[in-house]
Structures are given as structure tokens and as C-alpha cells.
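User: I have a structure to look through and have not seen it before. Can you walk me through it?

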Amino acid sequence: MKKVFVILTLLLISVMTISFAQQITLTFAYFTDGPDLPVIKSLISQYEQLHSDVKINLLNIPYSDYAQKLSTMIQGGTPPDIARAGDIIPYQDVALNIAPYIPSYTGESVENWVQNHSGFTSMEYWYKERGEILGIPWDVGAHALFYNKDEFAKAGITAPSTIPWTWNQWEDAMNKIVSSEAAKYALTYEKTSYRWSNLLYQAGGQIWNDKDQCVINNAEGVHALSFFVSLFKNNLIPESVWVGNTPAFSYFQNGLAAMFYSGTWMIPELMQKGSVNFNWGVMPLPVDKVNAVMTGPKVILGFKSTKYPQQVADFMLWLTSKPILTEWCQKLGAIPANHALLEKGVDYGNPELNSVMEIILKDLNEGTKPSGNWPANFERDWIVGNTAIITQTYYPRLVQDIVNAISGTMTPQQALNDVSKYFNEQMASLKSSSK
Amino acid sequence: MKTKKFIPYIFIAPAFSIFLIFIIYPGILGFIVSMYKTSYSFGPSTFVGFNNYFSVFKSPNFLEALGRTFLFSALEIPTIYFISLGLALLMTSPSVKAKSVLRVFFFLPSVLSGVITALIWDWMLNYDFGFINNLFTILGLKNIPFLLNPTYAFISLALIMSWAASGFFMVIFIAGIQSIPVELYEAAEIDGATTFKKFSSITLPMLRPTSILVVILSTIQSMQLFDIPFVLTGGGPGESTTFAVEKVYNTAFINLNMGLASSMSFVLFLIFLAIGLLQFKISREGQFWA
């Protein structure tokens, strides 16, 4: 009996040793975008059940520290195997090209897969430029304008659901909210240059022209910034968000601001019970000369340095495959970065969320239609080429100068002249160093 | 006999190893990185010699941040000095009751992490959500933009830093005051010296070594200032509270220019080293460290 027990124990230990030895661990650097942590954890455990030889070690890093932590890991020679990222550009030289693994996993040629999976410029650009797939668009974030239905009712305002307000109508509504004392502020607007740029594109402006010259200080740019600054001057937006460091959402959440200019990534947060104690809705983004809605996918990418490129590519392709992406979007109210799913539409299984998403998707559809130089200007400014590199690297200067204009230390023209001068200097430096 | 020679080295080995691994080795690596122009996308770096150092001195933003750091130190160091000395005098005065409780109360801020300190003061000073401004609203007074006006933000930060650091320096001063021989005060009292005379002729001169230590430590602390302004004001409004170390951080982790950031770090290191050596030299000349 004793012998049998010893043999069985040894057998068990050897089986466990062999199975552990065969299991590989992939590190996945991740930032939460709303309350999505439980969802990604459940997807990972689903994947681990399907692939018992793979263990995914989820490294959840707060978004505020994400770029710094990830860049330190890369610089230190210990990048993760996989990462969630806002863009491919910063990681273009260290990202894993998963193109060779696509045909075996999907049964499609790379060309077909690119065409079918996503029309998002970033992935197509890198495939066209280098013949590489450096990251897969996962879900799409689009700018969105949320509003407090209770405060709108108090101010006697009806928010549009199909035809967007013009900037003038929007400003009138803001004045009405504040004068009726429905809320202390009419609008809270997130402090990022990306968010502000939506006004720039609606005004018909652009950061760069097609000759790689920064022209943000042209008449359209100045008009966009002047309009934005006037909202602060008229006390319609709290200065604390832009001039100080207070999160924009706290004003909306506490009922101090009736509207919140943010993006679709806030929907899961707003849908969470107890997050806000009022009825909220979403409206199409107000328009000026152009109906422009900025959008961009979050991507999942692998790193060249991984010991397991095949497994990394498999996980990336599984996570962005149609059924998994559908599950992700349904649970989080996210928009899939996939052509077919976008066209088909996702049933979110919740009437409230379905109605919110209907407005957003319609606005997104209308706001991404070409008009003049839109959306080519947006792609040039933020997504492709040297122009996007400069914008994405030196955007803090734009934020700083917008703040200077809000606080009155510069006029909108002076602020944008300063941005233009600085961006052009950086472009000259980039071009001279790459010669 | 031979074995004995090695014993001191064995004792200092653990501390020296830590110093070597965590200070010297990263320092050397940082210096090497400062000689390279690093790629934005983590690609291959190009050797540029001392070019990054020339860029540091040509960068108006960095020089402004450095100037702001000196200005901040000039405001903060005397504030810390006088507050902590005042508290120490109070805490050693026979007429003050419940000294132990008060000492803990004044020392408490110095054990808080910078992030917690920043959050506490944000809750106090925020324009729309802050306790003080809400109190003003209730009293029918106008809100004060403590963190929205560049001058107010700068001064608020200096006061917050003083609040956070004074407790620690108070303890150092208390130790200094308690080490002054009582006989000196007794002799002065016999000679009819007033309280102020005793302070100016005995306490202050006898506290000179402690004062120098406090000035050196508070200088180092204020020059390295990062966490509290980073969390509380984000370096703003504009760049009014962006200090040298935050500039290095922004260059490294926002502009992703590690080479330039490393050279900025070295320039800062040399400046801080020069200030430290100067302070030590002054203190040695006064023979207070002998």
C-alpha cells in the first residue's frame, strides 16, 4: 500500500512538472479604460482554458502611469510580450510583425484579413508602408457629448438626437443652462489636445498641411481656439479642469456641469450603477463648418523581443476575432474596430445602451464622411507620417498654449503662433536627424 | 593580523554594494544614455557626444524651470527654517503643555507621502470642490483661485511644502536645543539677560551647526521637488509650478527623449553637487563640523 502511494505521488509530481514545464507565460501590459478589468480577466481565463499550455500574466497599470511604465520596461530591455496601446507610432520599432502568423490562424491571406478586419488607417498605413502588421485595432473610441437629462429639463432644453446643434445653438443652450441655474457650469471638457482638436476640425482647421508645415495658426485654428476660450471667459466651462488639474468628469458626476465632452470610453463608467445619480444621455457633437467626429481604435500589439511570437500572435488574433470582440463590446458598450461587425452592428442587449449607441454610431457615421480636407487632415495630424510623430510627441506644448490662451497670458493667435513655431522647429529637427 | 585588515571592508560591503548597484551603476548608464539621441519609437539610438548637453543649455524651457526651482527654494528654505525653529522653541518651552501630543501633531505631515499630501491639499484648495472655497461660498465670499492663478499656485505650493517638511526639521531643532548646556542659560539669567537676549546670544549661535544641517537638507529637498506639484497642479497653471525635475520627467516620459532627459539629469546633478559642496565648505570654514 505504501509503495503504491509513493509511486502515485511520484507519478503526480512528474505529471505536474511536465505540464508546468510545457506551460509558457505571456505578460500582457494593460490599462483599464473604464470598468473593463473583470471582462478582460474573464476573456483571459477563457483563453487559458482553450490553451492549457499558455498562461497570460495580466499586468494592470494605471493609465496615468502607463506610458512611463511601458517605456521604462522597453528601455530597460524587459518589455512585456503583449500590450494594449493607444497608438502604434511610439512602438513602431519594437512591435512584433504578426503578418506571417495571420494566414495559419485565420485561413485568410494577409491582404484579405487587413481588408476584412478593419478600415482603420493606422493598420492599413503600416501594412502599406512596410508590409507589416504591427498591431491590431481592438475597439474604437469616438468623441461623444454626454448630458445630464435632469438639468436639461430644468433649463427647458431639449437635446438633439439626430441633427447636431451648430456651435451657436450649442452656446445658446450653455448660456440658458447657467442663467437658469440648472447647473453651475454648462460644460466640462477633458483637458487633452486630442479632445480640443475636434473643435479645430469642426472649424475646418488642421495642424499640418500636406507639405509638412504646421498651419494650426491659420484663421480656422484661431476661430476654434477663440470659441473655446470664450466659453471659459463666459464662465460656461470650469477653468479648474484646464488651468488647474481637476478631472473633467468630476464636474459632470457631481452635477456641477450639465454636459461632458469626452468619448465613448466613458459609457461603461456611466452605465455602472451608482456612478451618477441622474439620468444621462448622449447627443451628436455640435458642428461648425464641418461635421467632424474624431475616432481612433485602441490597439493590441506584441513585442519583437518575445520568446513566443506564435503564441503572442495567436492571442492577439483570438482577442480581436469577431466572436470575442462582440462579447467584449456587448459587455462594455464598446464599438468594435472591425469592418464587418461595425456594419452589422452590435446588439448590446440593453435597450438604454442600444439607444445611446444608436446616436453615437449615427453621429460617427455622419462625422467621418469626407468633407473638404476632413478626415485627411486628422489622419495626417495624428495617425500617419512624420506629422503625426511630431503631434504625438510634442502635444503638451499645444495643451500649454491653450491654457495660456484661457488664462489670458496669450491671445488665441499668439498661442497658436507659438505652437506652430515650435512644431515646425521640431519637424526641421526630425527631418535633419533622419537624413 | 591580515584578517583584521579586511574586517572594516566586510562591514561596509553591504552598504557599498547597494550604493554601487542602485546609485553608481544607473548613474554610469544614465551618463552613457545622455550621449545618445534616442529614437521616439525605441529604435536604434545615435551617438551624439555632448550635443544633448548643448541642447540643455539652449532650451529656454529647461532654464526657466531651473530658475523657477531656485526661486522656489529661495522662498521655501527660509519659510521652513523659521517655522521649524519656531515650533522647536515652542516644543521646548516650559510654559507649553501637552508637548508630546503637539510634537506628534506637528510631525505627522512629514510622514505622509507626497501624493497623499497633494491630495489632501487639493481637497482643501480646489476652486470648485475645495473645503476652503466651499466655506467661502457659505460665508458669501468670493472663491480664491489658489491653484489657478500662477502666483497663488506658486505661493500655495511653497506653504504646502513648508507644512509638509517643518515637522521633520522641528525634531532636528529640538535635538539641537536640548543639547545646549543649561548652565549657559543659568549664567545669562544671573547676568539679567532677557528672553530675547538669551535666544539671540545663546540659542541661535549654539544652533548654528543644526541650522546649517537644516539649510542643507531643505535645499536638497526643495531642489528635488517633484511629487507634490506633479499631483497637485500638474506643473501648472501654464508652467508656473513646473520645476526642473518635472521637466526631466516630461522630457523622458512624455516627449520620450531619454538622451536629452539624461543630460538634463546630469546637469541638475552637477548643480546640486556644487550647491552641496559650497554649503559644506561654508560649514567647515565656520569649524562647526570639526
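Analyst: What follows covers the contact between two chains, the cysteines and one serine. This is a predicted model.

User: Start with the contact. How many residues does each chain put in?

Analyst: Chain A contributes 37 residues and chain B contributes 28 residues.

User: And how much area is buried between chain B and chain A?

Analyst: About 2,500 Å² is buried between the two chains, and carbon and sulfur atoms give 55% of that. On the chain B side, 28% of the area buried against chain A comes from Tyr40(B), Phe42(B) and Phe129(B), more than from any other three residues.

User: How many salt bridges across the interface of chain B and chain A?

Analyst: The rule finds one. Asp128(B) and Lys184(A) form a salt bridge through their side chains, with N to O at 2.7 Å.

User: What about polar contacts between chain B and chain A, how many residue pairs?

Analyst: Six residue pairs are in polar contact there, counting pairs with both residues at pLDDT 80 or more.

User: Which helices of chain B supply at least two residues to the side that touches chain A?

Analyst: Helix H11 (227-232) and helix H12 (244-253) of chain B each do so. H11(B) gives the most, with three residues.

User: What is the make-up by class of that side of chain B?

Analyst: The side of chain B that touches chain A has 15 nonpolar residues, ten polar and three charged.

User: Changing topic. How many disulfides does the structure hold?

Analyst: Zero, over all chains.

User: Is Cys214(A) buried or exposed? And Cys329(A), buried or exposed?

Analyst: Cys214(A) has a relative accessible area of 4%, so Cys214(A) is buried. Cys329(A) is at 0% relative accessibility and therefore counts as buried.

User: Now Ser240(B). Where does Ser240(B) lie?

Analyst: Ser240(B) is in the loop between H11 and H12 of chain B.

User: Why does Ser240(B) count as buried?

Analyst: Because the relative accessible area of Ser240(B) is 14%, and buried means under 20%.

User: What is Ser240(B) in contact with, leaving aside neighbours within four places in sequence?

Analyst: Ser240(B) is in contact with Arg68(B), Pro150(B), Phe154(B) and Gly235(B) once those neighbours are left aside. The C-alpha atoms of Ser240(B) and Thr151(B) are separated by 7.8 Å, and the two residues are 89 residues apart along the chain.

User: Which backbone oxygen does the side chain of Ser240(B) reach?

Analyst: The side chain of Ser240(B) reaches the backbone oxygen of Pro237(B), at 2.7 Å.

Technical notes
Residues numbered from 1 in each chain as written. Chains lettered and ligands numbered in written order. Predicted model: local features only at pLDDT ≥ 70, side-chain atom pairs only at ≥ 80, totals over all residues. Heavy atoms only, no water. Contact = heavy atoms within 4.5 Å. Buried area = accessible area lost by both parts, 1.4 Å probe. Salt bridge = Lys/Arg side-chain N within 4 Å of Asp/Glu carboxyl O. Polar contact = N/O pair within 3.5 Å; in protein donor to acceptor, adjacent residues only side chain to side chain. Helix = DSSP H or I, 4+ residues; strand = E, 2+ residues; numbered from the N terminus. Nonpolar A, V, L, I, M, F, W, Y, C, P; charged D, E, K, R; others polar. Disulfide = S-S within 2.5 Å. Buried < 20%, exposed > 50% of the residue type's maximum accessible area, 1.4 Å probe, protein only.
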